[in-house]
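Reader: I'm happy at the bench but less so with a model on the screen. Could you show me how to read one?

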Amino acid sequence: MPDITAPDDLSTAESEVINGTLTPEGHRLLARVYYADTDFSGVVYHARYLEFLERGRTDFLRLKGVHHTQLEEGQLGEPIVWIVRRMEIDFRLPARIDDMLVIETCVTEASGARVTMRQRIQRKNGELLIEAQVEAALINKQGRPKRMPKEWKALFTA
């Protein structure tokens, strides 16, 4: 399998600020709620949570050495991309402007072309806001499923 890790030219401290950190359970990312994330009532607009969840998944994959741009460039053979195949979200409490959010991501299953992840968004004080289960899959440019490298199963469950 080709080496698909890529340095970000960031210090360790900078990387933790930008990419979050790997944890024994998976990944943890901090994010602040900005005015642009909210609706007219001052709470986070429901569709913005999808973006917070995407950041968590993307940075988790990046820290594991799986980079979207390198996959799309074909560094594992043919160009492949991740897609969200299925998502379930339970909205518990609203986030508001200036809240500090903790986005947690962990893999619950990895097989074939699919990875299932459990994600949670909570306030920094621990209040649970969102729980989600996301099934992502790899496809080629023609939209056909592509199996992930065998090494990734251990990578995602380690």
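Author: Let's go from the overall fold to strands, then to aromatic rings and one polar side chain. Before that, a caution: this is a predicted model, so local features need pLDDT of at least 70 and side-chain atom pairs count only at pLDDT 80 or more, while totals for chains, interfaces and linings use all residues. Residues are numbered from 1 along each chain as its sequence is written, and side-chain values use heavy atoms, with hydrogens and water left out.

Reader: How many helices and strands are there in the protein?

Author: Helices (H or I, at least four residues) and strands (E, at least two) are DSSP runs, numbered from the N terminus. Here the protein has four helices and six strands, in the order α-β-β-α-α-β-β-β-β-α along the sequence.

Reader: And how do I judge the radius of gyration of the protein?

Author: You take the radius over C-alpha atoms and set it beside the globule rule, 2.2 Å times the number of residues to the power 0.38. The protein comes out at 16 Å, close to the 15 Å the rule gives for 158 residues, so it is as compact as a globular protein of that length. The C-alpha trace spans about 45 × 35 × 25 Å along its principal axes.

Reader: What share of the residues count as buried?

Author: Buried means under 20% relative accessible area, exposed means over 50%, and partly exposed is in between (1.4 Å probe, protein chains only). Of the 158 residues, 39% count as buried. Strand β5 (residues 114-123) is a nice case: seven of its ten residues are buried, so the strand is largely enclosed by the rest of the structure.

Reader: Which way do β5 and β6 run?

Author: Two strands pair if DSSP finds at least two bridges between them. β5 and β6 run antiparallel, joined by nine bridges, and Val-115 stands opposite Ala-136 in β6. They form a hairpin with four residues between them, and Gly-126 in the turn has a positive phi of about 100°. On its other pairing, β5 meets strand β4 (residues 100-111) in the antiparallel sense over ten bridges, with Ile-103 opposite Ile-121 in β5. That hairpin has two residues between the strands, and Gly-112 in the turn has a positive phi of about 55°.

Reader: Now the rings. How many aromatic pairs does the count come to?

Author: Rings of Phe, Tyr and Trp (its six-membered ring) pair if their centres lie within 6.5 Å; planes under 30 degrees apart are stacked, over 60 edge-to-face, and the rest tilted. The count comes to five aromatic pairs. One of them is Tyr-49 with Phe-91, edge-to-face at 5.8 Å centre to centre and 65° between the planes. Tyr-49 lies in helix α2 (residues 48-63) and Phe-91 in strand β3 (residues 80-91), so the pair ties together parts 42 residues apart in sequence. Tyr-49 is buried at 2% relative accessibility, whereas Phe-91 is partly exposed at 47%.

Reader: Why is the Trp-82 and Trp-152 pair stacked?

Author: Their ring centres are 6.0 Å apart and their planes are at 15°, so the pair is stacked. Trp-82 lies in strand β3 and Trp-152 in helix α4 (residues 150-157), so the pair ties together parts 70 residues apart in sequence. Together with Phe-60 and Phe-156, these two form one aromatic cluster.

Reader: Last one: is Asn-140 buried or exposed?

Author: Asn-140, in strand β6 (residues 128-140), is buried, with a relative accessible area of 7%.
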